[in-house]
Amino acid sequence: MINEQKANLNLDSDAERVRILSEALPYIQQFAGRTVVVKYGGAAMKDSNLKDTVIRDIVFLACVGVRPIVVHGGGPEINSWLDKLGIEAQFKNGLRVTDAATMDVVEMVLVGRVNKELVTLINNAGGKAVGLCGKDANLITARNLGGEDIGFVGEVATVDARLIISLAEKGYIPVISSVAADETGQAYNINADTVAGEIAAALGAEKLILLTDTSGILENYKDPSTLYNKLDIQQARELISRGIVSGGMIPKVSCCVRSLAQGVKAAHIIDGRLPHSLLLEIFTDKGIGSMIVASEFTHQ
């Protein structure tokens, strides 16, 4: 009897798995061959179990014909190494103050450690990842953000996406850290959300997806039930001006708006703390986060 119940349970879970795949089919067909830029960071990068599901999701996307491009930061690991080296981490207006010594650590951690760890994890999960930073093939040219008091913090001046396109067309998964150099070769630390948005724009990506530590855009940040599932650029700008979108969400929403204005089809802010949030957002009818589109008349 117990064996029979177990068999029925297995059958039920198998049937559920097939039903989910069946629901995903139209989306798999819609997005096959399309580019999806994923900004990976936050809790999803710190928690080893979540990290495993994100990596599997990225490999799944590649396996069903989507072209994932991964852009990552690594703030907590940078802080950890600064601490080990006796360098104090400082921030001004949400930006890391990056003097020459801090820039060396940022580059070593992001390009040397975090990037290669993600590449290894993707490869071990069956993908074919290639690690890059903005310096490779002049992928990103940086320029100073303009504040002497924050040091080598940069913004994106130009993006040359040819290397990424070439890799993605051959089935590789580019994994890009947000370090780039200016025309003189000076390295700069650039916000990873900004890098993801500019790369998505340069590629004319189908989607830009920011994995964050929040449910998405909320009318009341304390109440997850006030989530905006879908909004357009105009609504997003209004939420910023009304103060509904505030603090650390402002640069994320602004980055989404900029990428949409440059031709990206849809931008998503989703909760990376939820297992498989990436697949839930792309391959289910309802999604789980906030999707911003260029106009309310644009459909997913």
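**View 1. Helix α9 has the span expected for its 13 residues.** Helix α9 covers residues 249-261, and its end C-alpha atoms lie 18 Å apart. That agrees with the 18 Å expected at 1.5 Å a residue, the expected span being 1.5 Å times one less than the number of residues. Helices here are DSSP runs of H or I with at least four residues, strands are runs of E with at least two, and both are numbered from the N terminus. This is a predicted model: local features need pLDDT of at least 70, side-chain atom pairs count only at pLDDT 80 or more, and totals for chains, interfaces and linings use all residues. Residues are numbered from 1 along each chain as its sequence is written, and side-chain values use heavy atoms, with hydrogens and water left out.

**View 2. The buried residues of α9 pack against several elements.** Buried in α9 are M249, K252, V253, C255, C256, V257, S259 and L260. Buried means under 20% relative accessible area, exposed means over 50%, and partly exposed lies in between (1.4 Å probe, protein chains only). The helices packed against these residues are α7 (192-203) and α8 (233-241). The strands are β1 (35-40), β11 (207-212), β13 and β14 (290-293). Contact means heavy atoms within 4.5 Å. After α9 comes G263, with a positive phi near 110 degrees.

**View 3. Helices α3 and α5 pack at an angle of about 65 degrees.** Two packed helices are described by the angle between their axes and the distance between the axes. For α3 and α5, the axes are 9 Å apart. Axes are lines fitted to C-alpha atoms, for helices over the stretch in contact; angles run from 0 to 180 degrees between N-to-C directions. The crossing of α3 past α5 is right-handed. A crossing is right-handed if the near helix is turned clockwise from the far one by less than a right angle, and left-handed if anticlockwise. On the α3 side, the contact is made by K51, I55, I58 and V59. On the α5 side, E117, L118, L121 and I122 take part. These residues divide into 6 nonpolar, no polar and 2 charged. Ala, Val, Leu, Ile, Met, Phe, Trp, Tyr, Cys and Pro count as nonpolar; Asp, Glu, Lys and Arg count as charged; the others, Gly among them, count as polar.

**View 4. K51 and E117 form a salt bridge.** Their closest N and O atoms are 2.9 Å apart. K51 sits in helix α3 (residues 48-63) and E117 in helix α5 (residues 100-124), so the pair links distant parts of the chain, 66 residues apart. K51 counts as buried, at 12% relative accessibility. E117 counts as partly exposed, at 33%. A salt bridge is a side-chain nitrogen of Lys or Arg within 4 Å of a carboxyl oxygen of Asp or Glu. By this rule the count comes to 15 salt bridges.

**View 5. K92 and D149 meet in a salt bridge.** The closest N and O atoms are 3.9 Å apart. K92 belongs to strand β3 (residues 91-92). D149 lies in the loop between β6 (140-144) and β7 (153-159), 57 residues from K92 along the chain. Both are partly exposed: K92 has a relative accessible area of 37%, and D149 has 46%.

**View 6. A salt bridge joins R143 of β6 to E155 of β7.** The N to O distance is 2.9 Å. The two residues are 12 apart along the chain. R143 is partly exposed at 41%, and E155 is partly exposed at 27%. Elsewhere, salt bridges that share partners join E16, R19 and E23 into one network.

**View 7. A137 and H276 have positive phi values.** Most residues other than glycine have a negative phi. Phi of A137 is near 55 degrees. A137 lies in the loop between β5 (129-133) and β6, and is exposed, with a relative accessible area of 53%. Phi of H276 is about 60 degrees. H276 is in the loop between β13 (266-271) and α10 (277-283). H276 counts as partly exposed, at 33% relative accessibility.

**View 8. T102 is a buried residue of helix α5.** Its relative accessibility is 2%. Beyond its neighbours within four places in sequence, T102 is in contact with L82, I87, R96 and V97. The C-alpha atoms of T102 and E88 are separated by 8.8 Å, and the two residues are 14 apart along the chain.
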